[in-house]
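Subject: Structure handover

Hello,

Here is the structure we discussed, with the sequence alongside. My notes on it follow below.

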Amino acid sequence: MGLPQSGLWVKKLWVLLEVAVHVVVGKVLLILFPDRVKRNILAMGEKTGMTRNPHFSHDNWIPTFFSTQYFWFVLKVRWQRLEDTTELGGLAPNCPVVRLSGQRCNIWDFMQGNRPLVLNFGSCTPSFMFKFDQFKRLIEDFRSIADFLIIYIEEAHASG
């Protein structure tokens, strides 16, 4: 992990408290001022484009805010972000990855001794594929002093 264990647990505890307070205050405000909270959430939905979705129904969506499921989801995302960050000069995060064979492992499993490990994140987008030959030349030029790993990132767009 990017953070030392003791520092990570302190930060996780702090995030737990932040999320718990956020959910409790949000739930209380939702009970006391439902119309105002609804307007605020809908305004956030406008900014993100959520309300332009033809399948969007605020009556189904807004009650999920500040629920137990909401609490656990936000907590999980915030905790994962702690582990996926690093300090300048610190260790890179040891994120989980899946090999082409289906075997699960972590990025650090690809490190060999003190050799640098160069990570290239991408998906099958035109810009990534266009630069792939350049990356292969980089590997050829520096394979004697560094190791290289390509990490496929799932496309962010919805599949139909």
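**Salt bridges**

K136 and D133 both belong to helix α5 (residues 126–142), where they sit three residues apart, about one turn of the helix. Please keep in mind that this is a predicted model. The two side chains form a salt bridge, with the closest N and O atoms 3.5 Å apart. Neither partner is buried: K136 is partly exposed because its relative accessible area is 38%, and D133 is partly exposed at 44% relative accessibility. As background, side chains of opposite charge can pair when their charged atoms come close.

The count of salt bridges comes to three. Another of them joins the side chains of E18 and R78, at 2.6 Å from N to O. This pair links distant parts of the chain, since E18 is in helix α1 and R78 is in helix α4 (residues 68–83), 60 residues apart. E18 has 33% relative accessibility and so counts as partly exposed. R78, at 28% relative accessibility, also counts as partly exposed.

The remaining pair is R115 with D147, whose closest N and O atoms are 3.0 Å apart. R115 lies in the loop between β2 and β3 (117–122), and D147 lies in strand β4, so this bridge ties together parts that are 32 residues apart in sequence. Are the two partners buried or partly exposed? R115 counts as partly exposed because its relative accessibility is 25%. D147 has 14% relative accessibility, which is under the 20% cut-off for buried, so D147 counts as buried.

**Strand β3**

N120 has its place in strand β3. At 16% relative accessibility, N120 is under 20% and therefore counts as buried. The C-alpha atom of N120 is separated by 6.2 Å from that of L149, although the two residues are 29 residues apart along the chain.

**Largest pocket**

The largest pocket has a volume of about 370 Å³. It is lined by 13 residues, and the closest to its centre are V97, V98, R99, I150 and Y152. Which strands supply at least two residues each to this lining? They are β1 (96–98), β2 (104–106) and β4 (147–152). The largest share, four residues, comes from β4. By residue class, the lining divides into eleven nonpolar residues, two charged residues and no polar ones. If you plan to look at the pocket yourself, the residues closest to the centre, including V98 and I150, are a place to begin reading the coordinates.

**Nonpolar surface patch**

A nonpolar patch of about 740 Å² is found on the surface. The residues that make it are V21, V24, V25, V28, L29, I31, L32 and F33. One of these, L29, is found in helix α1 (residues 5–32), the helix that also holds E18 of the salt bridge with R78. L29 counts as partly exposed because its relative accessibility is 36%.

**In short**

The points to carry over are the three salt bridges, the largest pocket of about 370 Å³ with its mostly nonpolar lining of eleven nonpolar and two charged residues, and the nonpolar patch of about 740 Å².

Regards

How values were computed. Residues numbered from 1 in each chain as written. Predicted model: local features only at pLDDT ≥ 70, side-chain atom pairs only at ≥ 80, totals over all residues. Heavy atoms only, no water. 1 Å grid on protein atoms, 1.4 Å probe; cavity = no way out; pocket = protein on both sides within 12 Å on 5 of 7 lines; lining within 4 Å. Points joined across faces, edges and corners; volume = space filled by probe spheres on them. Nonpolar A, V, L, I, M, F, W, Y, C, P; charged D, E, K, R; others polar. Patch = residues over 30% accessible without salt bridge, like charges linked within 9 Å, V, L, I, M, F, W, Y side chains within 5 Å. Areas by Shrake-Rupley, 256 points an atom, 1.4 Å probe, with all protein chains shown as cover. Salt bridge = Lys/Arg side-chain N within 4 Å of Asp/Glu carboxyl O. Buried < 20%, exposed > 50% of the residue type's maximum accessible area, 1.4 Å probe, protein only.
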